[in-house]
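Welcome, and thanks for taking a look at this one with us. Below is a short briefing to read alongside the sequence and the 3D view.

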Amino acid sequence: MANEYDVLIIGSGPGGYVTAIRAAQLGLKTAIVEREHLGGICLNWGCIPTKALLRSAEIYHYMQHASDYGLKADNVSFNPAEIVKRSRGVSGQLNGGVGHLLKKNKVDVIWGEAKVTKPGEVQVSKSSKTPTEPQHPAPKNALGEGTYKANNIIVATGARPRVIPGIEPDGDKIWTYFEAMVPKEMPKSLVIMGSGAIGIEFASFYNAMGVEVTVIELMDRVVPVEDEEISKLAQKRFEKAGMKILTGSKVTKVEKTATGIIAHVEDKSGKKEKLSADKLISAVGVVGNIENLGLEQLGVKTDRGCIVADGYGKTNVKGIFAIGDVAGPPMLAHKAEHEGVICVEAITGKKPHVMDKAKIPGCTYSHPQIASVGMTEAQAKEAGHKVKVGRFPFLGNGKAIALGEPDGLIKTVFDEKNGQLLGAHMIGAEVTELIQGYVVAMTLETTEEDLMHTVFPHPTLSEMMHESVLEAYDRVIHM
């Protein structure tokens, strides 16, 4: 039947569209339901367009420091509208690319809002969402409203910004990442609530563009999920770049004024202060999109705003699966993609490995970049490991010095008993690219001996990865 499928996926973000493509590759008749934009938040309002903004900021930064490289660049300036236009253009190109991939793999696109009326059945109604980009309408060949049947329904509806009661975003003076990504003009001053990846990336972008940035973090250090040593180095670099950072503090109230906002801030000791700024960005995490999908009526189990699923994406209701942000942390696009592949491979009777969340890398595209995988030093010790820790600074690497990027650190954590690589943590230029070397090593259960006997090319930043391992075992060469 035309409206019957083997797999129907709700949501076309990285998790959803990758899952759809893999399902089609496995010979399953597949459809994907989308209500707003192919590629989801990541491609349209998250991962990709933010990197385009940060690239503009990075180039602007280097132009301002052209003399450090023996170059001359006078009267350097920027055009906010053109920066935003480039970012949206990058997003638009990839949005079209997702549509092409789905068509190429013969995945049907159903445009509208989905509700699971019973196991095996999805009702799609007209979307209540206006496309955020006029140039991203529903694909010409998209199906529409109606009842669709599928043996397997995969929920991949992603997440949205968490809202703090009393500090609700208004799209004008209090922003989420949506508004922060498309400023009509640069604010002169900005308060950012939260120093996770989203908050600190926007802090880096706006700070590089000359905005007075204050970051407020509830925990006692910035990017608190990272290794403490990396966090402390990051804060020093951010403050050296001109950011004001208040840790162990929270925004208790936000007043709107004629010209901006006044943030009432209180630290752990009870000390209070008021901060005036043009805008405030709320970057205090995200929450899964689990509402209005019919899940409660079906008895699908949820926990703290996310759907409970096992390592294969199965929920407690037969035939209903969940992957990506809506299935819980870590809320990362690459986790969603891999989770979706595992899910459909399990559906077809293959025997994929359950995802090991300990081996999922995390990247923050701030300046400097931050990347990590596995346990922090503290976590390894808490887990009972006797550890060996290696460190190597960017200052000891020829390529880093030649690039004019001598500030940074690579840190590795090993189990002393068996040489297992437990974790790796980096801060500095291009570490979001370097981290994958350690991810591969951990996946292959590589030991310190394997890494020490691996030849790293010279001159590269990757040599520091080798030196960090050597340093853990008192064999470091260039330090």
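**Ser-372 and its surroundings**

Ser-372 sits in strand S21, which covers residues 369-374. Please keep in mind that the model is predicted. The points below go from this serine to the nonpolar cores and then to helix H7.

*Around Ser-372*

- With a relative accessible area of 12%, Ser-372 counts as buried, because that value falls under the 20% cut-off.
- Its side chain makes a polar contact with the side chain of Glu-226, at 2.8 Å.
- Glu-226 also appears among the contacts of Ser-372 beyond four places in sequence, together with Ile-360, Pro-361, Gly-362, Ala-424, His-425 and Ile-435.

*The nonpolar cores*

- As background, nonpolar side chains in soluble globular proteins tend to be buried together.
- Here, the largest nonpolar core has 34 residues, and Phe-202, Phe-205, Tyr-206, Val-213, Phe-238 and Ile-281 have the most contacts inside it.
- Elements that give two or more residues to this core are helices H3 (47-64), H5 (177-180), H6 (197-208) and H7 (228-240), along with strands S9 (189-193) and S10 (212-216).
- Helix H6 gives the most to this core, with 5 residues.
- Leaving out residues up to four places away in sequence, Tyr-206 touches Trp-175, Ala-180, Pro-183, Met-186, Pro-187, Leu-190, Val-211, Val-213 and Ile-281.
- Another core, of 28 residues, lies apart from the largest one; Val-373, Leu-421, Tyr-438 and Met-442 are among its members.

*Helix H7, end to end*

- Helix H7 has 13 residues and reaches 18 Å from its first C-alpha to its last, close to the 18 Å expected at 1.5 Å a residue.
- At the start of H7, a side-chain oxygen of Asp-227 comes to within 3.0 Å of the backbone nitrogen of Glu-229.
- Just after H7, Gly-242 takes a positive phi of about 115°.

*The two sides of H7*

- Which residues of H7 are buried? They are Ile-230, Ser-231, Ala-234, Gln-235, Arg-237 and Phe-238.
- Seen down the axis of H7, these buried residues fall within an arc of 165°, so they line one face of the helix.
- Lys-236 and Lys-240 are exposed on the other side of H7.
- The cover over the buried residues of H7 includes H6, strand S11 (244-246), strand S21, strand S23 (409-415) and strand S24 (421-428).
- Strand S21, part of that cover, is also the strand that holds Ser-372.

Technical notes: Residues are numbered from 1 along each chain as its sequence is written. This is a predicted model: local features need pLDDT of at least 70, side-chain atom pairs count only at pLDDT 80 or more; totals for chains, interfaces and linings use all residues. Side-chain values use heavy atoms; hydrogens and water are left out. Helices (H or I, at least four residues) and strands (E, at least two) are DSSP runs, numbered from the N terminus. Buried means under 20% relative accessible area, exposed over 50%, partly exposed in between (1.4 Å probe, protein chains only). A polar contact is a pair of N or O atoms within 3.5 Å; within protein, one must be able to donate a hydrogen and the other to accept it, and residues adjacent in sequence count only if both atoms are side-chain atoms. Contact means heavy atoms within 4.5 Å. A nonpolar core is a set of buried Ala, Val, Leu, Ile, Met, Phe, Trp, Tyr and Cys residues joined through side-chain atoms within 4.5 Å. The expected span of a helix is 1.5 Å times one less than its number of residues. The arc is that of the directions from the helix axis to the C-beta atoms.
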